[in-house]
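Got your viewer open and your selection tool ready? Here is a short tour, one stop at a time.

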Amino acid sequence: MKRLAVFASGSGTNFQAIVDAAKRGDLPAEIALLVCDRPGAKVIERAVRENVPAFVFSPKDYPSKAAFESEILLELKGRQIDWIALAGYMRLIGPTLLSAYDGKIVNIHPSLLPAFPGKDAIGQAYRAGVSETGVTVHYVDEGMDTGPVIAQRAVPIVPGEPIEALEARIHQVEHELYPAVLRMLLGEKEQQEERIENDGSETSIDQRVQ
């Protein structure tokens, strides 16, 4: 069984969705580590409750990104982590981790990338007045939400609805889509890579997890 580390900075609802999927047997992975860059974040409480080990750090205590990523890497290797899932981790991943986990770091973002990258993606879409936004799961590269798309799911924006309602619907989609895509990646990585290489599809995985 693959060993998965989840990186998160906030409340940890996607962390919880991943843990719950693993507990139900819907995700063939052991959630073996939480990495959190904000001491006191609610996600740490979730990890304690779920008996998931946590590595918590403050970036300001290190001289550079490379320094704290080197320490994270020691934790990952010590726990034999196979994959990394970013779930509201509010930092760009640097070369130290990208080189060590090439092709095995994924992220979830609350928009239909490449539209509305970066922070407050839901608010960006809401204020732009577009008719739909959505959720994207993608591989992580050195940019901000620029890695190859794995799967997307659209979420319509209802005219006149409060932004809180849109946020709730997007989070619901996140909590369904992310564990499903992780299941496909961890369970069928070779077939998935061949599928993307052959047809360039960004929706093949999503079609299988509907």
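**Salt bridges**

Eight salt bridges turn up in total, where a salt bridge is a side-chain nitrogen of Lys or Arg within 4 Å of a carboxyl oxygen of Asp or Glu. Before you click on any, keep in mind that this is a predicted model, in which local features need pLDDT of at least 70 and side-chain atom pairs count only at pLDDT 80 or more, while totals for chains, interfaces and linings use all residues. Residues are numbered from 1 along each chain as its sequence is written, and side-chain values use heavy atoms, with hydrogens and water left out.

Select Arg24 and Asp26: their side chains meet in a salt bridge, 2.8 Å from N to O. Switch on a surface and Arg24 counts as exposed, at 54% relative accessibility, whereas Asp26 is partly exposed at 33%. The cut-offs here are under 20% relative accessible area for buried, over 50% for exposed, and partly exposed in between (1.4 Å probe, protein chains only).

Next, pick Glu75 and Arg79, a salt bridge whose closest N and O atoms are 3.5 Å apart. Glu75 is partly exposed at 26%, and Arg79 is partly exposed at 30%.

Then go to Asp120 and Arg127, which form a salt bridge at 2.9 Å, N to O. Asp120 is partly exposed, with a relative accessible area of 44%; Arg127 is exposed, with 58%.

**The sheet and its helices**

Switch to cartoon. You should find eight helices and seven strands; these are DSSP runs numbered from the N terminus, helices being H or I of at least four residues and strands E of at least two. In what order do the seven strands of the open sheet run? Trace β3-β2-β1-β4-β5-β6-β7, with mixed pairing; strands pair if DSSP finds at least two bridges between them. Colour β3 (54-56) and β7 (149-156): each stands at an edge with a single partner strand, so one side of each has no neighbour in the sheet. From one strand to the next, the twist averages 20°.

Now zoom in on β1 (residues 2-8) and β4 (residues 83-86), which run parallel and are joined by four bridges. Ala5 is the residue to click here, standing opposite Ile84 in β4.

Add helix α1 (residues 13-24), which packs on the sheet and touches β1, β2 (29-36), β4 and β5 (105-109). Contact means heavy atoms within 4.5 Å. The direction of α1 makes about 160° with that of β2; axes are lines fitted to C-alpha atoms, for helices over the stretch in contact, and angles run from 0 to 180 degrees between N-to-C directions. Helix α2 (residues 42-49) also packs on the sheet, touching β1, β2 and β3, with its direction at about 145° to that of β2.

**The aromatic cluster**

Show the rings of Phe, Tyr and Trp (its six-membered ring): they pair if their centres lie within 6.5 Å, with planes under 30 degrees apart counted as stacked, over 60 as edge-to-face and the rest as tilted. The whole structure has five aromatic pairs. Select Phe57 and Tyr62, with centres 6.2 Å apart and planes at 80°, so the pair is edge-to-face. Phe57 is buried at 3%, while Tyr62 is partly exposed at 22%. Hop from Tyr62 to Phe68: centres 6.0 Å apart and planes at 70° make this pair edge-to-face. Phe68 is buried, with a relative accessible area of 5%. Add Phe55 to see the cluster that ring pairs build from Phe55, Phe57, Tyr62 and Phe68.
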